[in-house]
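The exercises below ask for a careful reading of one structure, and each is followed by a worked solution. Please work through them with the sequence and the coordinates at hand.

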Amino acid sequence: MKRIIMAIAATLICAASFAQSGKSIYNKYSDKSNVTAVYISPAMFKMMGQLPEIDTPDGDFNIAPVVKEMSGMYMIESGNPSINNALKADVEKYISNGTFELLMEAKEDGELVRLYTMGDKDTVSSFVMTVFEKTECVFLCIEGKIPRKELEELIASNMD
């Protein structure tokens with residue numbers, strides 16, 4: 001019985017180590033030719049969290065609760081046709097392996113834009129935006145603990 005439990009535990013640990021993340025997709029494609037890659041570290045988010053309030057049409061908005069607990073932002077923009085299909089497949093695998101919720105989808109002239117979040121009713125732990133066109137792919141992933149209420153207020157204040 002102990003061997004079975006140990007085998008199951010080892011399998012779960014191995015599966016978890018091969019799981020895709022925003023960082024792993026970034027690392028896989030960031031050094032390819034004709035790819036723009038941007039990474040923002042947790043330290044930068046902490047610095048942004050100390051910025052003064054932002055003036056909005058509805059008054060001042062404190063961005064600190066939205067950004068201070070972010071653990072990273074990863075962006076890949078590829079105009080490299082030789083890797084676009086692989087990038088798209090990796091991104092779709094990442095989305096399908098998580099508990100992502102589709103927030104929005106927009107299609108126009110062969111362009112497909114999707115926004116996803118993962119989290120619970122109070123916190124967003126991951127935000128993903130994908131853009132797929134015939135000649136270009138964009139993957140944006142923001143990870144961390146983002147208070148859902150604060151994120152909704154920020155989005156609402158910019159929708160006016």
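**Exercise 1: the sheet**

Strand β4 (residues 70–78) and strand β8 (residues 137–147) run antiparallel and are joined by eight bridges. The model is a predicted one, in which local features need pLDDT of at least 70 and side-chain atom pairs count only at pLDDT 80 or more, while totals for chains, interfaces and linings use all residues. Residues are numbered from 1 along each chain as its sequence is written, and side-chain values use heavy atoms, with hydrogens and water left out.

Task: place this pair in its sheet, and state which strands are the edge strands.

Solution. Begin with the terms: strands (E, at least two residues) and helices (H or I, at least four) are DSSP runs numbered from the N terminus, and two strands pair if DSSP finds at least two bridges between them. Next, follow the order, which is β1-β4-β8-β7-β6-β5 in an open sheet of six strands with antiparallel pairing. The edge strands are then β1 (35–40) and β5 (101–108), each of which pairs on one side only. Within the β4–β8 pair, tyrosine 74 stands opposite cysteine 141 of β8.

**Exercise 2: helices and core**

Task: determine which strands helix α5 lies across, and which element gives the most to the largest nonpolar core.

Solution. Helix α5 (residues 81–97) lies across β1, β4, β6 (111–119), β7 (123–132) and β8, and runs at about 155° to β7; such angles, from 0 to 180 degrees, are taken between the N-to-C directions of axes fitted to C-alpha atoms, for helices over the stretch in contact. A nonpolar core is a set of buried Ala, Val, Leu, Ile, Met, Phe, Trp, Tyr and Cys residues joined through side-chain atoms within 4.5 Å. The largest has 18 residues, and among those touching the most other members are Ile25, Leu87 and Phe139. α2, β4, α5, β7 and β8 each supply at least two residues of this core, and α5 gives the most, with five.

**Exercise 3: glycine 144**

Task: decide whether glycine 144 is buried or exposed, and list its contacts beyond its sequence neighbours.

Solution. Glycine 144 is found in strand β8. Its relative accessible area is 12%, and buried means under 20%, exposed over 50% and partly exposed in between, with a 1.4 Å probe and protein chains only; glycine 144 is therefore buried. Leaving aside neighbours within four places in sequence, glycine 144 is in contact with Glu69, Met70, Ser71, Val124, Ser125 and Ser126, where contact means heavy atoms within 4.5 Å.
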